[in-house]
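Reader: I would like a close look at a single part of this structure. Please take me through the cysteines, step by step.

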Amino acid sequence: MLGEHRYTVRSTWTGDRGSGTSGYRDYDRAVTLEIAGKPTVLASSDKPFRGDPSRWNPEDLLLASLSECHLLSYLHACVQAGVVVVGYEDEASGLMVEDGRGGGAFREVVLRPRVTVADASMTEAATAAHAQANAWCFIANSVNFPVRHEPTVVVADS
């Protein structure tokens, strides 16, 4: 099925301390992210940028989006390949580099999925399914930096 899909989110700055953005240190970076029918996400900038480290920041959300998109695409690829996945965890990491002009960019993201399959005969196909998942992941296809995969496949205890 081909089509266009639109997404909406409301981002609301909640960090006015009473003087707005009168100075760089005079406001909080607190934000709420809302989508109708879903829990509100409390967000901020990252701690090095005067943010609240207890809240999600844009970099966290980008990394989480890449990890979850790969996971969901991978599960679909495994169904197509006849692989029964019984567990999946990812320890993803990303490298962002500042450019010295106030901006920066991610240089890469590495996904480290640990997949558990139902039977040893599925190991090779389970490993190969990561390539298909990468090709199907809408988020990975939308970024301008490499998203690498370092998967581990293990067999469930019988």
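Author: What follows covers the cysteines, then a small part of the strand pairing. Keep in mind that this is a predicted model.

Start with the count. The model has 1 disulfide. Its partners are C69 and C137, with sulfur atoms 2.5 Å apart. The cut-off is within 2.5 Å, so this pair counts as a disulfide. The link of C69 and C137 is right-handed, with 140° about the S-S bond.

Now place the two ends. C69 sits in helix α1, which covers residues 58-81. C137 lies in a loop, between α2 (123-136) and β8 (147-149). The two cysteines are 68 residues apart, and the disulfide links distant parts of the chain. Are they buried or exposed? Both C69 and C137 are buried.

Next comes C78. This cysteine is in no disulfide. The nearest cysteine sulfur belongs to C137, and it is 14 Å away. C78 counts as buried because its relative accessibility is 0%. The cut-off for buried is under 20%.

Now turn to the strands. Strands β1, β2 and β3 form an open sheet, in the order β1-β2-β3. The pairing is antiparallel. At the edges are β1 (10-13) and β3 (41-43), and each pairs on one side only. From one strand to the next, the twist averages 25°.

Look at one pairing in detail. Strand β2 spans residues 31-34, and 4 bridges join it to β1. These two strands run antiparallel. Within this pairing, S11 stands opposite L33 of β2. In general, strands of a sheet pair through backbone hydrogen bonds.

Terms used:
Residues numbered from 1 in each chain as written. Predicted model: local features only at pLDDT ≥ 70, side-chain atom pairs only at ≥ 80, totals over all residues. Heavy atoms only, no water. Helix = DSSP H or I, 4+ residues; strand = E, 2+ residues; numbered from the N terminus. Buried < 20%, exposed > 50% of the residue type's maximum accessible area, 1.4 Å probe, protein only. Pairing = 2+ DSSP bridges. Axes fitted to C-alpha atoms, helices over the stretch in contact; angles between N-to-C directions.
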